[in-house]
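Colleague: I am new to this model and would like a close look at a single part of it, the one that you find best covered by its surroundings. Please begin with the chain around that part, so that I can place it.

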Amino acid sequence: MSDTPTRDDRPAGADQMLPIDGNPAEQPQADTPARGYTDEQKYRIFNKEFMPHIDSMYNFAFRLTTDEDDANDLVQDTYLKAFRFISSFEQGTNAKAWLFRILKNSFINDYRKKSKEPAKVDYQDVETTYNSEDAETEHTVDLRAESVSDLIGDEVATALNSLPVDFRTVIILCDIEGFTYEEMAKILDIPIGTVRSRLHRARNLLKEKLRDYASSMGYKEESDE
Amino acid sequence: MQTSLPSSSPVIPQSATKEHCDHQVDCLKMIQLILDGEATEQQVAKLKIDLESCQPCIKMYHLEREVKELLAKRMEKRCCPDELVATIKSRILSFS
Ligand SMILES: [Zn+2]
């Protein structure tokens, strides 16, 4: 075998535009043009386009599951699925977004139920609650930039982990992984407008958590609610 | 991909006078679009005008930028363990 998978460094310009074809987390769609890659081509794609994203994928998996063993399993399952359904990936398109979408779907289908996260809030519940009190969600959080700037990474991570998983997800994708709204819409299978509003809500929740940290550390906030 | 965060805020004069903003939530949404690199030129221009006079929006802008930078730079990045990379590689090779 001339082209065995190796762990490459991330190539420049690895973030081409979508589309993401097919949905490997389920069955490949009937209308997905199956690409007749040879074995050698498959390994080359896997090697050059998939493996460079493995650290980002692992980081995403760990942020979703908040557990190293689960993250290991999730990343492994995702890469095996990606290889199995490689014919529904179009060479040269956005491999990172394609892989993230598979990982996200695997997480929802296989891991969410047994997830060890303490706050098991279903997104549906959260969404319903939030929509029913729109005035409450459409607000700003009173917090000063100066008190945030003293927080350390662990505190930010804890605050992020305490958010319901769907809110956590949009923040990870946008602020940590740097996906565009359009890419996020495709990874999450939701409209761009929903990406925008979910991000807005997620950030409000995160700022509330950060405010709790900041105030527990004794920073004085200007408002006293 | 997204454009990088503006390294300095738009015009922030000391003379910002407006203590209250009547459309703070809309301003916040626009601030987020801009920091995410998703705003149109029109939206950027509109916010710049607001930031020249509106005290609460200036504060929001700084806070949003700070939180975004915190997430991007201060969170620990987990790397994939080498054993997992090896396992995946060997599993893939046994596929064909
Ligand atoms: Zn304003």
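Modeller: Chain A has 11 helices and zero strands, where helices (H or I, at least four residues) and strands (E, at least two) are DSSP runs numbered from the N terminus; read from that terminus, its elements run α-α-α-α-α-α-α-α-α-α-α. This is a predicted model, in which local features need a pLDDT of at least 70 and side-chain atom pairs count only at pLDDT 80 or more, whereas totals for chains, interfaces and linings use all residues. Residues are numbered from 1 along each chain as its sequence is written, chains are lettered from A and ligands numbered from 1 in the order in which they are written, and side-chain values use heavy atoms, with hydrogens and water left out.

The pLDDT, which is the predictor's confidence in each residue from 0 to 100, averages 78 over chain A, and 70% of the residues score at least 70. Over residues 1-31 of chain A the value is below 50, although the model gives this stretch 77 contacts beyond near neighbours in sequence, a contact being heavy atoms within 4.5 Å. Residues 128-136 of chain A also stay under 50, with five contacts beyond four places in sequence. Where pLDDT is low, the predicted coordinates should not be read in detail.

Of the 225 residues in chain A, 55% are buried; buried means under 20% relative accessible area, exposed over 50%, and partly exposed in between, with a 1.4 Å probe and protein chains only. Among the contacts in chain A between residues at least 6 apart in sequence, 78% join residues at least 24 apart. The chain is divided into domain 1 (38-114) and domain 2 (125-216), with bounds that come from an automatic or database domain assignment. Between these two domains of chain A, the C-alpha centres lie 24 Å apart, and the contact takes 15 residues from domain 1 and 16 residues from domain 2.

The part to look at closely is α10(A), which is mostly covered, with six of its eight residues buried. Those buried residues are Tyr181(A), Glu183(A), Met184(A), Ala185(A), Ile187(A) and Leu188(A). They pack against α4 (95-111), α9 (165-176) and α11 of chain A, together with α1 of chain B, so that the surroundings of α10(A) include elements from both chains.

Just after α10(A) comes Asp189(A), placed in the loop between α10 (181-188) and α11 (192-216) of chain A. Asp189(A) has a positive phi of about 55 degrees although it is not a glycine. That deserves a note because most residues other than glycine have a negative phi. In contrast to the buried residues of the helix before it, Asp189(A) counts as partly exposed, at 44% relative accessibility.

A second residue of this kind helps to put Asp189(A) in context. Thr66(A), in the loop between α2 (54-65) and α3 (68-84) of chain A, has a phi near 50 degrees, again a positive value in a residue other than glycine, and with a relative accessible area of 30% Thr66(A) is likewise partly exposed.
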